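Here are a few notes for a first look at this model. Please read them with the structure open.

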Amino acid sequence: AHEGILRRQSARESAARTYARALPIVPVRARGLTIEGADGRRYLDCLSGAGTLALGHNHPVVLEAIRKVLDSGAPLNVLDLATPVKDAFTTELFRTLPPGLADRARVQFCGPAGTDAVEAAFKLVRAATGRTGMLAFTGAYHGMTAGALEASGGACDVRVARLPYPQDYRCPFGVGGERGAELAARWTESVLDDAKSGVPLPAGMILEPVQGEGGVIPAPDGWLRRMREITAERSIPLIADEVQTGVGRTGRFWAVEHSGVVPDVMVLSKAIGGSLPLAVVVYRDDLDVWQPGAHAGTFRGNQLAMAAGTATLAHVRENGLAERAEALGARMLTQLREVMGEFACIGDVRGRGLMIGIEMVAPDAADTAPPSGTTRPYPPAPFLATAVQRECLRRGLIVELGGRHAGVVRLLPPLTITDEQANAVLDRLTDAVASVAA
Ligand code: PMP
């Protein structure tokens with residue numbers, strides 16, 4: 001069955017298939033961190049549905065919540081009608097929001113994916129400000145629908161100005177650290193100063209507190225605070241895209257909490273649906289300028305997703321899983337930095353909480369060593385990252401790839417991963433890197 005399914009699907013699916021190319025497995029069962037394939041092989045899953053599974057696969061509290069709705073005879077899709085299931089989800093969601101937003105929040109339920117909520121956020125700030133432009137950052141990923149796509153990656157639409165995202169390794173200014181972040185902030189201010197000469201201000205700024213698909217790049221807290229100041233001074237709504245960073249993953253319930261920044265708008269998806277499709281925009285009430293019907297979508301009422309989401313949010317909150325992610329993530333980062341230091345093909349190990357990235361580089365391909373005193377790094381090595389992913393799979397470990405230069409191996413394990421499982425992940429990953437480096 002295993003081979004037949006793989007063969008038939010690769011013949012019938014679009015050429016744009018992504019994960020299915022690098023991970024030729026046919027999952028039939030899963031629990032927690034573990035996935036079992038149709039061929040009986042078992043894998044530790046650090047892709048976690050692209051970061052969706054805060055509690056891992058088929059967590060009992062999530063299954064129980066879904067079963068309860070099914071057994072109750074409740075309607076499964078009700079557009080945007082009020083239901084007890086939605087009431088419970090909204091209450092739990094609002095309980096988790098950062099202070100400063102929680103008491104003045106409005107929520108718009110969106111079409112099922114993260115990208116839908118990004119579109120809704122853009123529409124909202126455009127309606128609220130009467131302006132059109134958006135500020136986004138190099139290496140950003142906000143989704144695959146037209147508006148979100150304009151704000152993603154390296155290309156640039158006329159309505160979207162792209163600004164440098166602060167980074168130590170591969171710092172656009174070659175200095176990194178606080179200084180690099182400050183230069184990036186000044187660049188942003190200078191773009192906005194153009195408005196003085198008649199160029200209209202943008203409708204909003206969208207950022208990820210940690211760029212995920214961009215290669216796991218945590219923004220310095222000071223830079224995030226500067227972005228908050230710069231936007232507040234000019235009445236530009238700040239949109240935090242916490243689709244990937246949310247629900248405890250980075251060590252706080254929401255990643256903006258590390259810096260104390262309170263965004264005007266938050267875009268949430270992935271883990272908030274407890275593994276089922278759900279996406280919302282949350283924003284401060286004074287931005288709620290929409291007319292009735294101004295934003296719609298058939299699949300805004302997925303009751304199973306809301307129930308699974310309520311159970312997930314509550315479980316993360318009640319069991320301190322954000323703190324757990326912070327502590328375990330810090331330990332994993334330290335251990336990875338120690339072992340990876342001996343491999344010349346590792347350019348950087350970085351992350352926050354259980355969002356970890358290992359950048360593969362090719363020092364041999366460099367004309368010269370990086371100048372001392374700068375963070376200008378070696379050429380990226382996407383081919384090595386792909387090889388590490390393949391070697392991980394052979395060792396029963398599923399990892400994600402990413403990065404602006406496609407050279408970053410990424411770990412997004414569930415927040416419920418045990419210490420022993422984390423050790424097994426690190427062992428297999430180190431082994432895989434060693435085999436590629438050899
Ligand atoms: N924003 C961020 C930060 C993401 O990581 C993603 C998905 N990787 C999206 C938006 C888009 O979400 P979706 O794939 O559900 O449309």
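1. Domains. The domain assignment splits the protein into two parts. Domain 1 is made of 2-7, 20-58 and 322-437. Domain 2 covers 62-318. Keep in mind that this is a predicted model. The C-alpha centres of the two domains are 25 Å apart.

2. Where they touch. How many residues of domain 1 are in contact with domain 2? The count is 32, and they meet 33 residues of domain 2.

3. Elements on the domain 1 side. Five elements each give two or more residues to the side that touches domain 2. Two are helices in the N-to-C listing: α3 (48-51) and α11 (321-340). The strands are β13 (346-352), β14 (355-360) and β17 (408-411). Strand β13 supplies the largest share, 5 residues.

4. Character of that side. The side of domain 1 that touches domain 2 is mixed by class. It has 11 nonpolar, 13 polar and 8 charged residues.

5. A helix pair. Now look at α12 (residues 382-394) and α13 (residues 419-437). They pack at an angle of about 130°, and their axes are 8 Å apart. Because of that angle, α12 counts as oblique to α13. The crossing of α12 past α13 is right-handed.

6. Residues between the helices. Which residues of α12 meet α13? They are Leu384, Ala387, Val388, Glu391 and Cys392. Their partners in α13 are Arg428, Leu429, Ala432, Val433, Ser435 and Val436. By class, this contact has 8 nonpolar, 1 polar and 2 charged residues.

Notes:
Residues numbered from 1 in each chain as written. Predicted model: local features only at pLDDT ≥ 70, side-chain atom pairs only at ≥ 80, totals over all residues. Domains from an automatic or database assignment. Contact = placed C-beta atoms within 7 Å. Helix = DSSP H or I, 4+ residues; strand = E, 2+ residues; numbered from the N terminus. Nonpolar A, V, L, I, M, F, W, Y, C, P; charged D, E, K, R; others polar. Axes fitted to C-alpha atoms, helices over the stretch in contact; angles between N-to-C directions. Parallel < 35°, antiparallel > 145°, perpendicular 65-115°, else oblique. Left-handed = near helix turned anticlockwise from the far one by under 90°.
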